[in-house]
Amino acid sequence: MSDKYDVIVIGGGPAGYVAAIRCAQLGLNTACVESWINKQGKPALGGTCLNVGCIPSKALLESSQLYSDAKHHFGDHGIVVPSVTADVPKMIQSKDKIVQELTGGIEGLFKANKITWIKGTGSLLPDRQVEVTAHDNSKSIHSAGNVILATGSTSIEIAAVPLQGDVIVDSAGALDWESVPEKLCVIGAGVIGLELGSVWRRLGAEVVVLEAQDAFLPMVDDQIARDSLRQFSQQGLDIKLGARVMASSVNGDKVSIEYTDKDGEQQLQVDRVIVAVGRRSNISQLTLPETDLLIDERGLVHVNGACETNLPGVWAIGDLVRGPMLAHKGSEEGVAVAERIAGHQCHLNYDAIPSVIYTHPEISWVGKTEEQLKEEGANYKKGVFPFLASGRAKAMQDTAGMVKILADADSDAVLGMHIVGPHSSELIGHGVLTLEFEGTIEDIARTVFAHPTLSEAIHEAALGADGRAIHIPNRNR
Ligand code: FAD
Ligand code: NAD
């Protein structure tokens, strides 16, 4: 069977489903090929993000933080809770319900936008034809004026610690445990390691994080990374840097991990392990060799700044291509490509994509770090404001962290905003808008922020860049 669409999207994650919806909005006859089978054994849209990524991890981060607050912090506010227990199976069920509602919502949006969902695995053939292998192994061929590749990524596995049942798991497995391990080893102190390590730490596990690199969160501004490391240590996350995992073995219900660090060979006995050492793009079933799709040296589909591959009318977006592996980056590439296909002009500003690590406190940033500016030899100024001096953070009794703003000392243009602190995932939007609007320190300084809010810390950090912060002594005066 062969049918013809204006656009076929392969992959229905946040990059692909958003691209499909925008294409349909623009009047293009659109199909999306998606192979995901969910926990309930049903085909599902939404990709990694909705099924086993952003959403379920945030659901568990939220539930585990509420538990931790009730257990350890309500007393600070004079709320006496005689006994708090975590019903972990209920937490997992609640997370699953959120996932099902959201993935079902995308299915509803596909129907409303008249997008054809072709269930199965898509492979790109020459001349913008797509072969689909359905879940019953039947095959069909479809063709389109344009094809958008959006097959995303999967967890990287390491030979030294092969996955095993629900004892040694990747991030997806760690979202489904129904009991709390007494002792947990997380391999990789990246975004996933810190988020999922935090979930299980809050629920009561003793957590050791083994990180191969000597630096902690090297992509984060150093001052913010150092402050975060201190706070994670206070929370009981035992983060070991420069720890290279050599081997592992499962003995009964214990896992033994061998690693080396600056002091030599070490051994660790734990109950469960999460391997969180990065993700690789899904290209293995995506295309046949005769299609000649160019893959770069990092195993990503090669694209130009407009997400065009080397094949005419074939585009690639999301985790499959260069740039940060973030849902919002993929979605915005999806919108941009749909609009380009429809003949519109559009631009995506890769310099103003926010990143967030949803730990407590949250770590968020956009733009350049201080280290990057130093390396560039830039003439910059900075303002830092601690949440300790914020009235709202005090009222919340949640005063860890700071806002740091970096700006060009000559033009006053804001170059970066870095926040570790409560709700920084929401606060960082101020930084994104400032960069998007090419705003300056003076723009933020002249803006009226509501009192008392956490966002006043941004105002004060901006004032501090010019030595005129009100609520802390000024370093620059
Ligand atoms: P994916 O979401 O991976 O979707 C790709 C889809 O393509 C999948 O549904 C897959 O089934 C399908 N597919 C693959 N091959 C084929 C094929 N040949 N045929 C048909 N279908 C195919 N990012 C954030 O921005 N914020 C977060 O808070 C966040 N949290 C995360 C937490 C975890 C635990 C993980 C693992 C990731 C998280 N991410 C987060 C990253 C985010 O999930 C990804 O960046 C995002 O999902 C990438 O979107 P995508 O559409 O490119 O790929
Ligand atoms: P990551 O790249 O953030 O971190 C992986 C870490 O593992 C690195 O610090 C790396 O040095 C370390 N590592 C690699 N091999 C190792 C080994 N053998 N032993 C010990 N440590 C090792 O990757 P991740 O945490 O797996 O996340 C994957 C992607 O998913 C990230 O790119 C991230 O952007 C995305 N993600 C985003 C969010 C978010 O936006 N909040 C949340 C989760 C995931």
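Author: A strand here is a DSSP run of E with at least two residues, and a helix is a run of H or I with at least four. The model discussed is predicted.

Reader: Where does Pro361 lie?

Author: Pro361 belongs to the loop between β18 (355-357) and β19 (362-367). The peptide bond that leads into Pro361 from His360 is cis.

Reader: How do you know that the bond from His360 to Pro361 is cis?

Author: The omega angle of that bond is near 0°. A cis bond also joins His451 and Pro452, with omega about -5°. Pro452 sits in the loop between α11 (441-445) and α12 (456-465).

Reader: What makes Asp412 count as buried?

Author: The cut-off for buried is under 20% relative accessible area. Asp412 has 13% relative accessibility, and therefore counts as buried. This residue lies in the loop between β21 and β22 (414-421). Asp412 also has a positive phi of about 80°, although it is not a glycine.

Reader: Why is Gln397 called partly exposed?

Author: Partly exposed covers the range between under 20%, which is buried, and over 50%, which is exposed. Gln397 stands at 44% relative accessibility, so it counts as partly exposed. Gln397 is placed in the loop between α9 (391-396) and β21 (402-408). Its phi is positive, about 55°, and Gln397 is not a glycine.

Reader: Which residues come nearest to ligand 1?

Author: Glu34, Thr48, Lys58, Gly122 and Asp319 come nearest, out of 36 residues around ligand 1.

Reader: What makes the pair formed by the side chain of Glu34 and ligand 1 a polar contact?

Author: A polar contact requires a pair of N or O atoms within 3.5 Å. An N or O atom in the side chain of Glu34 is 2.6 Å from an oxygen atom of ligand 1, so the pair qualifies. A polar backbone atom of Cys49 is 3.4 Å from an oxygen atom of ligand 1, and for a polar backbone atom of Met325 the distance to an oxygen atom of this ligand is 3.2 Å. The protein buries 92% of the 990 Å² that ligand 1 exposes when taken alone.

Reader: Which element gives the largest share of the shell around ligand 1?

Author: The largest share, four residues, comes from α2. Elements that each supply at least two residues of this shell include α1 (14-25), α3 (54-73) and β4 (121-125). By class, the shell around ligand 1 holds 14 nonpolar, 18 polar and four charged residues.

Reader: How do you know where ligand 2 lies with respect to domain 1 and domain 2?

Author: Domain 1 (2-155 + 280-348) and domain 2 (168-277) both contribute residues to the shell around ligand 2, and therefore ligand 2 lies between them. The shell contains 20 residues, the closest being Ile192, Glu195, Glu211, Gly278 and Val356. Helix α5 (residues 191-202) provides the largest share, three residues. The classes represented are twelve nonpolar, four polar and four charged residues.

Reader: What makes the pair formed by Gln213 and ligand 2 a polar contact?

Author: Against the limit of 3.5 Å for N or O atoms, a polar side-chain atom of Gln213 lies 2.9 Å from an oxygen atom of ligand 2, so the pair qualifies. From the backbone, an N or O atom of Val191 lies 3.2 Å from an oxygen atom of ligand 2, and an N or O atom of Ala212 lies 3.2 Å from a nitrogen atom of the ligand. The protein covers 76% of the 840 Å² of accessible area that ligand 2 has on its own.

Note on methods:
Residues are numbered from 1 along each chain as its sequence is written. Chains are lettered from A and ligands numbered from 1 in the order in which they are written. This is a predicted model: local features need pLDDT of at least 70, side-chain atom pairs count only at pLDDT 80 or more; totals for chains, interfaces and linings use all residues. Side-chain values use heavy atoms; hydrogens and water are left out. A residue is near a molecule or strand if one of its heavy atoms lies within 4 Å of it. A polar contact is a pair of N or O atoms within 3.5 Å; within protein, one must be able to donate a hydrogen and the other to accept it, and residues adjacent in sequence count only if both atoms are side-chain atoms. Accessible areas come from the Shrake-Rupley method with a 1.4 Å probe; for residues, only the protein chains shown count as cover. Ala, Val, Leu, Ile, Met, Phe, Trp, Tyr, Cys and Pro count as nonpolar, Asp, Glu, Lys and Arg as charged, and the others, Gly among them, as polar. Domain bounds come from an automatic or database domain assignment. Buried means under 20% relative accessible area, exposed over 50%, partly exposed in between (1.4 Å probe, protein chains only).
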